[in-house]
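Work through the exercises below with the model open in a viewer. Try each task before reading its solution.

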Amino acid sequence: MLSIVVCVKAVPDLTLADKIRIDPDTKTLTRHDIPLVINPLDRNALEAALVIKENQEAQIIILSMGPPAAGNVVRECLALGADQGILLSDPAFAGADAFATALTLSKAIEKIEQVDSVFCGRASSDGATEWVGPELAIFLGLPVVTMVRKFDITAGNSWRVKADIEDGIRVVEVELPSVFTITHEVNTPRTLSFSGIIKSRKKEITTWGLNDLNVPEDQVGLKGSPTIVSSLTVIDSKRSCEIIEGTQEEKAAILINKLVAAGVL
């Protein structure tokens, strides 16, 4: 049976972006006051795995790292059709940058008995570094195809995919196991169904902490993150509106003069 690990990040709900704050000491996002949702591009990654599962025998394992509240995101993925959920949750994991996140995820994937492919969203809505997928592949010693927009062949031990590249599309054939980062062009994610929610209640979510991964504490979380945010500055952005009166010709002349004076034209 094909085993697909889908890495899913629980991110702050962007509809409440005005309430997101940054911890002045750690320089990281404070997430405890904002509801967590599935990272949008990770939905595409999960949908890609679900489509493959519909066409061949496959098992989908959700892997997420976050606070206990991220378990709700894992549960939602199970309701959408995934088979098993693993939540990496430990205070030691908090504040991780892309490097420490990829390392922690890799240790969890190594702990899973069989993994044929790893799917990640191209980027997260709160960090958008696009580094976790490639760094995860390096830690696992696996090939990686980034910016996948279509899975052409997913049968056998060699898959063929189409992926974005600057000013074009590349066709890549890669042997499994491999890591893939997924773009939004690959599909339209499905929505929750009542039957899926009911079935998810019988599915297992396993929680692993630092001791379960056999990794030193100074290599994970904020301690293991080489990225350093030295300072933060709040930008005071203000806008003003001016109503131009007159005929159409007069308005056009006044507007052009103002644009010239502002250096736009």
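Three exercises on a predicted model follow.

**Exercise 1. Find the strand order of the open sheet of nine strands, then find its edges.**

Step 1. Trace the strands across the sheet: β11-β10-β9-β12-β8-β1-β6-β7-β13. The pairing is mixed.

Step 2. Look at the ends of that order. β11 (168-175) and β13 (205-208) each have a single partner strand, so one side of each lacks a neighbour in the sheet.

Step 3. Check the twist. Neighbouring strands are turned by 35° against each other on average, direction ignored.

**Exercise 2. Which strands does β1 join by bridges, and are its residues buried or exposed?**

Step 1. Take the β6 side. Six bridges join β1 to β6, and the two run parallel. S3 has Q59 as its bridge partner in β6.

Step 2. Take the β8 side. Here four bridges link β1 and β8, again parallel. C7 stands opposite C120 in β8.

Step 3. Assess burial, taking buried as under 20% relative accessible area. Six of the six residues of β1 are buried.

Step 4. Split them by face. In a regular strand the side chains alternate between the two faces of the sheet. L2, I4 and V6 lie on one side of β1, with S3, V5 and C7 on the other. Both faces are covered.

**Exercise 3. Which strands do helices α1 and α2 meet?**

Step 1. Start with α1 (residues 40-55). This helix packs on the sheet and touches β1, β6, β8, β9, β10 and β12. Its direction makes about 145° with that of β8.

Step 2. Move to α2 (residues 71-80). Helix α2 lies across β6, β7 and β13, running at about 165° to β7.

Methods:
Residues numbered from 1 in each chain as written. Predicted model: local features only at pLDDT ≥ 70, side-chain atom pairs only at ≥ 80, totals over all residues. Heavy atoms only, no water. Pairing = 2+ DSSP bridges. Axes fitted to C-alpha atoms, helices over the stretch in contact; angles between N-to-C directions. Contact = heavy atoms within 4.5 Å. Buried < 20%, exposed > 50% of the residue type's maximum accessible area, 1.4 Å probe, protein only.
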